[in-house]
Amino acid sequence: MADIFTPRLRVLSGSPDEVEVEALRQALGDLARAAERRRSIDGDRWGRVDDRYTPRPFNPRAFSAVPYH
C-alpha cells in the first residue's frame, strides 16, 4: 500500500531482492505512521472533532442531594 508515509527507496549498493526492499519500506512506513499518530493525538483530548458528535452520558439526578439544588 503506497501512501504518504511509505517511503520511496533507491538501492545504492548491495543487491537486495524485492522482498527485502518491500519489507524495509513497510517497516519504515509503519514507523512513520506511528510517529504521526503520536504527534497528532492531543494528550488531554481537548478540542477533538469527533467529541462534538459523541453523545455524553447525562444523569439529571446526579446532583439532587445537593442542598442548593
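How much area does the chain expose, and what share of it do carbon and sulfur atoms supply? Before I answer, please keep in mind that what we are looking at is a predicted model. The chain exposes about 6,800 Å², and carbon and sulfur atoms supply 58% of that area. Of the 69 residues in the chain, 9% are buried, and as for secondary structure, the chain has one helix and zero strands.

Let me begin with that helix, α1, which covers residues 18–40, and with the charged side chains in it. The count of salt bridges comes to two, and I will take them in turn. In one of them, the side chains of R25 and E22 meet at 2.9 Å, N to O; both residues lie in helix α1, three residues apart, which is about one turn of the helix. The two partners are covered to different degrees, because R25, with a relative accessible area of 18%, is buried, whereas E22, at 36%, is partly exposed.

The other salt bridge joins the side chains of D30 and R33, again with a distance of 2.9 Å, N to O. These two are also three residues apart in helix α1, so about one helical turn separates them. Here D30 counts as partly exposed, at 39% relative accessibility, while R33 counts as buried, at 16%.

R33 also leads us out of the helix, since its side chain makes a polar contact, at 3.2 Å, with the side chain of T6. T6 is found in the segment before α1, and why do we call T6 buried? Its relative accessible area is 10%, and because buried means under 20%, T6 falls into that class.

In the segment before α1 we also find R8, and here the picture is the opposite one: R8 is exposed, with a relative accessible area of 85%. If you look for R8 and V21 in the model, you will find them 13 residues apart in sequence and 9.9 Å apart in space, C-alpha to C-alpha.

Finally, let me turn to the surface, where L9, L24, L28 and L31 form a nonpolar patch, and together these residues have about 350 Å² of accessible area. Among them, L31 has its place in helix α1, and L31 counts as exposed because its relative accessibility is 57%, and exposed means over 50%.

Terms used. Residues numbered from 1 in each chain as written. Predicted model: local features only at pLDDT ≥ 70, side-chain atom pairs only at ≥ 80, totals over all residues. Heavy atoms only, no water. Helix = DSSP H or I, 4+ residues; strand = E, 2+ residues; numbered from the N terminus. Buried < 20%, exposed > 50% of the residue type's maximum accessible area, 1.4 Å probe, protein only. Patch = residues over 30% accessible without salt bridge, like charges linked within 9 Å, V, L, I, M, F, W, Y side chains within 5 Å. Areas by Shrake-Rupley, 256 points an atom, 1.4 Å probe, with all protein chains shown as cover. Salt bridge = Lys/Arg side-chain N within 4 Å of Asp/Glu carboxyl O. Polar contact = N/O pair within 3.5 Å; in protein donor to acceptor, adjacent residues only side chain to side chain.
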